[in-house]
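Trainee: Could you take me through one part of this model up close? I'd like to see how two helices from separate chains meet.

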Amino acid sequence: MNFELLTQLIVNGLIVGLLYGVIGMCFVLVYKSTKVVNFAQGEFLLIGAWVCWAALVYLELPFLLGFILTLCFMAAFGVLLQMIVLRPMIGEPIISVIMITIGLSIFFQALMKWIFGVSPQSYPQVFDNQSVNILGLNVEMAYLMSTVIALVIMLAFYLFFKYSKHGLAMRATAFDQQVAQSLGISVKNVFAMSWGIAATVSATAGVVLGMVNGVSDSLSIMGIKVFPAVILGGLDSIIGAIVGGVIIGVLENLAEFVDSQYLHIGNMYDIAPFYVLLVILWFKPYGLFGTKDIERI
Amino acid sequence: MSSLSMRPCGDFRTSYQQDNTIFETSQIRLMAIAAVLVLCAAPLFLDGYFLTLCIQVSYLGIAALGLNILVGYTGQISLGHGAFFGFGAFASAWLNSSFQIPVFLSIPLAGFMTMGVGMMFGLPAARIKGLYLAIATLASQFIIEDFFARADWFSGGPSGAAAEPITLLGYVFDTDQSFYYVALFALVTMLVWACNLMRSRDGRAFVAIRDHYLSAEIMGIKLNKYRLLSFGISSFYAGIGGALYAHYLGYVSAEGFTIFMSIQFLAMIIIGGLGSIKGTLMGVVFMVLLPEVLETGVGVLKMTDWGNIPLVVDGLAYIKEMAIGLVIIGFLIFEPQGLAHRWGQIKNYWKFYPFSY
């Protein structure tokens, strides 16, 4: 039993899990308010990371400025995407909505490959020292920053939905669209806003991940790996997404640990979450915190 | 999604049997038979390139037909069809090389094996539906893909598996011309079977589940049984298609059967028209021709002076992928009922010419 490796992996799992939680939150936000399952979530990360990279490398902006530019771009991108592509899809059957986001995902993934190439690129140095030592564990600076950013985003979500007028409008729309509309809430704006927020926050996660591992099209895998997390937590629960994300993050690292120490099957890190996903769907399809779908005849 | 009836005047149906024929009128039946005959004669006047495309259409068409039975007729969603297609390919090669089962037997056996795997992964469908099912099948896609990469005894691991050509009574079907007939035979058989399935009790149960599953259940249709059956039939089709693919290429490797392939199958049936057998074929032809047309287009562009842009010429692979994404989005927004619906409208236009709308 290699305890040092185990703790290191669990810490890694917590950090990555928090990022899964952030991406899962965006996913749940879009699902809750617009009833669209966003298979293009991973491409938001990818586009955000590439745009920020281009701003830093080609335009040679300082990091903070480039980052803010990226956020503005992604907000506009998300809103436009909803207006142009997703709005005609309101009221269509679920397969059409799923397929249109899959179509978007294919399109943007290929577009990014076409523009930026397939080889991974690394970000310019942002921090002076690469890793810090906390309680005897080596934690990369970018990871530490990602944890802080993830926690800040979660807090911001909480405050936004609890206290702001727009957050209240979004909660009302998620609760009952027709009632919200009759009370004077512009459901159209709420839809566009939720896509904008999802794109912006995903892009943040994309930039953070890009700083750790370099930017390449493998970032879009995150959009698929977030499914086990949100299903575990319940598709329409924001807290569920965070809890599910952390659990899946730790779990895949534990699977990796067990595999590398005892089983030697290989590739468990990538595939274990999907086994978990099938098991959850089999025994508790609505997850830990999701609302059960009750149908009346 | 029933199209406008095109029956001539005075053609009244007086029994259920008459109302349930495969072909609506005798003229359509004659035209279908003529089409099959023309296709039989096709190798005489088509060159190798077009024959390859035809063979591609037939094995992809068989698999897409299975997906349309599942998605278009039963209303379930599957994102794992590409993996089942691959499973059929590996299963047939494995049965043939490990147990010396002749290929013409191993292809249907591979179909049944794939059917078993498909029903196993379709088990969650008994409890969940809609997007939960989509995500469950997405998980099965990754699990099966992982299985291909890991099970060396089954798939030959990273080096892939060799598949022998089909032999029947000493004759080897290893040229494009001879394999074309095998593919055509398989496609027509599977098409007729799908048409007949939809006229049967089971087929009507599928449609009832798609249209309103609660009402269907109240009417006495066993939801679990038929959902599982639909998964089984669809994987059987995928397995047959995959097995034909394996024995046509003579070689199977695990890289091809990714989520992208599953998406392409879904794209085929959406472009063609959900719940339409004719539409499935149209969609497959469309998706097979799309990359070829793009390639020709770029080739023509390359010859002109102003068209030799390195970005376009080098990025052809990405342009093809982007075109697939765009086509999916475009069809869903502008033509959600697919090519089959458009075809019906065109027919309608000519039929009722001055009074069409």
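**Where two helices meet**

Mentor: Sure, and keep in mind that this is a predicted model. Start with the residues that do the touching: from α11(A) come I271(A), F274(A), Y275(A), L277(A), L278(A) and L281(A), and they meet Y132(B), I135(B), A136(B), A139(B), F142(B), I143(B) and D146(B) of α6(B). Sort the residues of this contact by kind and you get 12 nonpolar, no polar and one charged.

Now for the geometry. Helix α11 of chain A spans residues 268-283, helix α6 of chain B spans residues 130-150, and their axes come within 9 Å and cross at roughly 140°. Angles over 145 would count as roughly antiparallel, so α11(A) and α6(B) are described as oblique to each other. The crossing of these two helices is left-handed.

One name from that contact turns up again elsewhere. L277(A) is among the residues that touch the most other members of the largest nonpolar core, a set of 197 residues; L19(A), A49(A), I62(B), A63(B), L244(B) and I270(B) are listed alongside L277(A). The helix that gives the most to this core is α8 of chain A (residues 187-213), with 15 residues. As general background, nonpolar side chains tend to be buried together in soluble globular proteins.

You can zoom in on L19(A) too: leaving out residues up to four places away in sequence, L19(A) touches S146(A), A150(A), A205(A), V208(A) and L209(A).

For a contrast, look at Q17(B), which sits in helix α1 of chain B, residues 16-19. Q17(B) has 9 other C-beta atoms within 10 Å, so Q17(B) is exposed.

Methods
Residues are numbered from 1 along each chain as its sequence is written. Chains are lettered from A and ligands numbered from 1 in the order in which they are written. This is a predicted model: local features need pLDDT of at least 70, side-chain atom pairs count only at pLDDT 80 or more; totals for chains, interfaces and linings use all residues. A nonpolar core is a set of buried Ala, Val, Leu, Ile, Met, Phe, Trp, Tyr and Cys residues joined through C-beta atoms within 7 Å. A residue is buried if 20 or more other C-beta atoms lie within 10 Å of its own, exposed if 12 or fewer, and partly exposed in between; C-beta atoms are placed from the backbone. Helices (H or I, at least four residues) and strands (E, at least two) are DSSP runs, numbered from the N terminus. Two residues are in contact if their C-beta atoms, placed from the backbone, lie within 7 Å. Axes are lines fitted to C-alpha atoms, for helices over the stretch in contact, and angles run from 0 to 180 degrees between N-to-C directions. Angles under 35 degrees count as roughly parallel, over 145 as roughly antiparallel, 65 to 115 as roughly perpendicular and the rest as oblique. A crossing is left-handed if the near helix is turned anticlockwise from the far one by less than a right angle, and right-handed if clockwise. Ala, Val, Leu, Ile, Met, Phe, Trp, Tyr, Cys and Pro count as nonpolar, Asp, Glu, Lys and Arg as charged, and the others, Gly among them, as polar.
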